[in-house]
Every structure is written in C-alpha cells, then in structure tokens.
Amino acid sequence: MKISIRRSRRAATAVALGSVLALTASACGDDGSGSAGDKGGEGSGKGEITFWDNNGGVRTDIWKQIIADFEKKYPDIKVNYVGIPAASAQSKYDTAIQGGGLPDVGGVGTAMLAEVAVQGALEPLDSRVEKSPLNGRLSKNLLDSSRAAGGGDTLYQVPTSANNGTLWYRTDLFEKAGLDAPTTWSKFYSAADKLTAKGKNAFGFTIRGGEGAIAPALDAVYGQTGITSFWNGDKTTVNDPKNVAALEKYVALYKKDTPSADVNNDFTKMVAQWDSGTIGMLSHNLGSYQDHLKALGADKFRGIPNPTQDDGTRVQVSNPVDGLSLFKSSKNKAAAWKFIEFALSAEENSKFNESAGQVPANTDAAKDGWIQQAEPTKLAAEALNGTGTKIVQLPYYLPDWNTISKADNEPNFQKLLLGKMTAKQFLDTLADQLNAAQADWKKNHG
C-alpha cells in the first residue's frame, strides 16, 4: 500500500509535468486561460487580478480587509477574491495547472510549494524582492525556508507568516516545585522528572505519540544535538549517532514522566489533556494559545520557544511557512506584484498575523504592540528572526515527504515508544527512505 501511494503521487506529478510540456508547446495566444505553459506578461499594472486564498473560510475576513485597504490605495486595480479550503488547495492548483484558470496571485504554503513550482507554474521572485521596498524587511530565516521548500535556491514564495515550536509550561507547578523556566534541555529534563508523581496522576511532560508525531520529535532531536543541516551531501543526518542518542533520551520520557495515553495522542487530545490535568509541560505550536488561556487563565502558564543547548545555542527544525506566489501565466504581473508588496507591508502583514495568531514575516511588523503583549508570539518572533537561530530545513520539497513522515513512520514512532523498535532502528529506517527519495528527486530535478 505504501509503495502504491508513492507511485500514484509520482504518476500524478508525471501527468502534470506532461501537461505542462503540452501546454508549453501549444500556448501561443493571450487566451486568458492561465495555464502553466503560458508565460503571461507584466500588463498595465491596472485592471483586474485574481487572488486565491489557500485557507478560505478561516482567513476570508482578514483577506477581504486587506483587499479593501489595497483597492483604496490602488483604485485602478480590482482584486477578485477566491477562497479555497486548505484541504483542497493542492488539488485545485494541480487541476488549474493542467487545465487552465490559474490565478494571478495565490497563497501557497511550503508543504505544496515544490510540487507547484516544479510544474513550471510560478514566477521566480528574487529580483522582484531585491528591487522592492520589502528588501531587507523580511525575515531571513523565513526566506531561507521558502527557498529550501521550493527545492533549490530560487524564491517562489514570499513568506507571510510562520508558526513556531513552543514549549508551554505550567508556571504555577514550576513555582511550587522551585524550578527554573525550562529554557534549556537540561532544565527541561530535570523538570520532567521532578514534576512527575504518578500516585497523584501528575506528570512532567506530555509527548506526542499519535498523528503528527514526527516533526516535534525531530525538533527535539536536532535542538539537543545542534546539528544544523538535514543533509550531509546526499545523505540525511537524521540517523547521525548524536541524533540517535538524543532520540533515545527523548522517548525514554514516555511512561516514566508522561501519561501512557500519549502513545495515541494527536495534538487535539494532547492539548486537552494538558489543559485539564496536572502536567508540567507540553510541546506544541502557537496555535493552542487561546485554548490554554481559556482553560488555565493567563497567570498559570507561559509559552517559550523550544529549549536551547546549555550554552544558549538555538537549533530548531523548519515549521510550515505560508506565503504568496506570483503565477507565471498572469497577464498582469505588475498589478499582482503590487498586491503582494502591499500585503507584506508592515501594517498589513501585522494585521494579517494578529488575526492568524502567527509570526509576521515582515520584521517591522514583528515589533508591533499586539506581539509585545502576547509573550509566546513575541518570543517566537525573536527566535525565528534571531541571527543566532539555526534552522534545519525539513525537505518539504520531496514528493514523498508527507508519506514518509506520516503514513510510513508515525506507526514506527509508536513502536519506538512501546519498546518494540530501537531509536537506531527507527532513524535508520527513516534515513533509508529519505535517502532514496532524495536520490529520486536529484535524478528528476538535477
């Protein structure tokens, strides 16, 4: 079944690429179809453009506010908004790439960026950013993540926002136990032990063992070892001996300092368990802040970036980055680019991220008052934008990444927690699959 999943994905990509070649050969007129083979044009910088929101419904209201602001500043440009549910955004783009009807501008997250870019649908944006007022005002770390997710050194997405790994901890429990904030991995492990009292159903940590377990585990591993690259040549570093030792230490927390139910918990169950119980720490992202606030009140918890090494070195894996892409088939790229520039301006990017509860890509927006008042977001922004932060870029560009990190290895992670697999076996299996996927990628895109 796993092999068939991969083959079907590769087949779909192959069909799409075949369609791109066919469109390239036949696209000769300005028919407005917006297919991937159409090179489009700069246009007049006026008139109408179409924008696809890749998280329609959830973000519709805020995007309509930004569009209204834009049309007030540029009355000679009209933006047609199309909201697409996040779950169907990838298939919607794939269909339009093959059959026509692409937008001028679209929201494209890093999880789908490479697959859209490799089909020839996106305009390279490096030179546009360099000539733009945005130059020097966007987070370098997020730009690096956007380039890496596109499968190379070219920028196909201007980042708008990012989430960040956050360690939520119960300040009331820490103070009662006389513990320092878990800002380093040493303090984290010490607190996990000291806050555990199984007879009282009290645990130091809740570990994610169910759906979505792989990324937070990798974040903990690379954060502890300080290895700063996912690849060493064409081989992954995930099964480096240092990473194996770090994973052994991390999963040893299961059942010793965590509830046994964690083996099946996805983030929803894990967050609910933390909010309602006497568990000291939870590793999740900024998205659960309102849940904690409602359940615990502002004075019983804090959210800080994931721990550093004892010397303060911060290494973390890349989180999904949302952003805007300019489609190559657009007949009015000048107007479409004006919209991207406007949406990424400090005022509008701040407004968007305050609504989304995420970290702005515009570093001026990251200094705004609402962030300063929301400590978890403020600290996350400082970590993401910090010059000393090293981000290990996860290979979102690999067509098999989602299959490898979810369908293939989430069951293996549960085996690891239950002692049916060693950390070395788990990481060696993951490494073999990643190395094969990387070789396949290089073969087809080298």
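**Close-up views of a predicted model**

**View 1. Asn-201, an exposed loop residue.** With a relative accessibility of 55%, Asn-201 counts as exposed, because the bar for that word is over 50%. This is a predicted model, and here Asn-201 sits in the loop that links helix H8 (185–194) to E6. Have a look at the backbone too: phi is positive, about 55°, even though Asn-201 is not a glycine. For background, most residues other than glycine have a negative phi.

**View 2. Lys-255, in the loop between H10 and H11.** Helix H10 (241–251) comes before this loop and H11 follows. Lys-255 also has a positive phi, near 70°, in a residue other than glycine. Is it buried, exposed or partly exposed? Lys-255 is partly exposed, at 47% relative accessible area.

**View 3. Helix H11 and what its buried residues pack against.** Helix H11 covers residues 267–276, and its buried residues are Met-270, Val-271, Gln-273, Trp-274 and Asp-275. These pack against strands E5 (165–170), E6 (202–206), E9 (278–285) and E10 (301–305), plus helix H12 (289–296). At the N-terminal end of H11, Asp-266 acts as the cap, with a side-chain oxygen 3.3 Å from the backbone nitrogen of Thr-268.

**View 4. The largest nonpolar core, with Tyr-250 in it.** This core has 73 residues, and the ones touching the most other members are Leu-247, Tyr-250 and Phe-413. Which helix gives the most to this core? That would be H19 (residues 423–445), with eight residues. Setting aside neighbours within four places in sequence, Tyr-250 contacts Tyr-189, Phe-205, Ile-207, Pro-216, Ala-217, Ala-220 and Gln-224. Another core, of 43 residues, lies apart from this one, and Ile-49, Ile-77, Phe-339 and Ala-380 are among its members.

**View 5. Helices H4 and H6 packed together.** H4 (residues 110–117) and H6 (residues 140–149) pack with their axes 8 Å apart, at an angle of about 45°. That angle makes H4 oblique to H6. On the H4 side you'll find Thr-110, Leu-113 and Ala-114, which meet Ser-145, Ser-146 and Ala-149 of H6. By type, the residues of this contact are three nonpolar, three polar and no charged.

**View 6. Asn-319, a buried loop residue.** Asn-319 lies in the loop between strands E11 (314–317) and E12 (321–326). With a relative accessible area of 17%, Asn-319 is buried. What does it touch, leaving aside neighbours within four places in sequence? Asn-319 is in contact with Asn-163, Asn-164, Gly-165 and Tyr-396.

Technical notes: Residues numbered from 1 in each chain as written. Predicted model: local features only at pLDDT ≥ 70, side-chain atom pairs only at ≥ 80, totals over all residues. Heavy atoms only, no water. Core = buried A, V, L, I, M, F, W, Y, C linked by side-chain atoms within 4.5 Å. Buried < 20%, exposed > 50% of the residue type's maximum accessible area, 1.4 Å probe, protein only. Helix = DSSP H or I, 4+ residues; strand = E, 2+ residues; numbered from the N terminus. Contact = heavy atoms within 4.5 Å. Axes fitted to C-alpha atoms, helices over the stretch in contact; angles between N-to-C directions. Parallel < 35°, antiparallel > 145°, perpendicular 65-115°, else oblique. Nonpolar A, V, L, I, M, F, W, Y, C, P; charged D, E, K, R; others polar. Polar contact = N/O pair within 3.5 Å; in protein donor to acceptor, adjacent residues only side chain to side chain.
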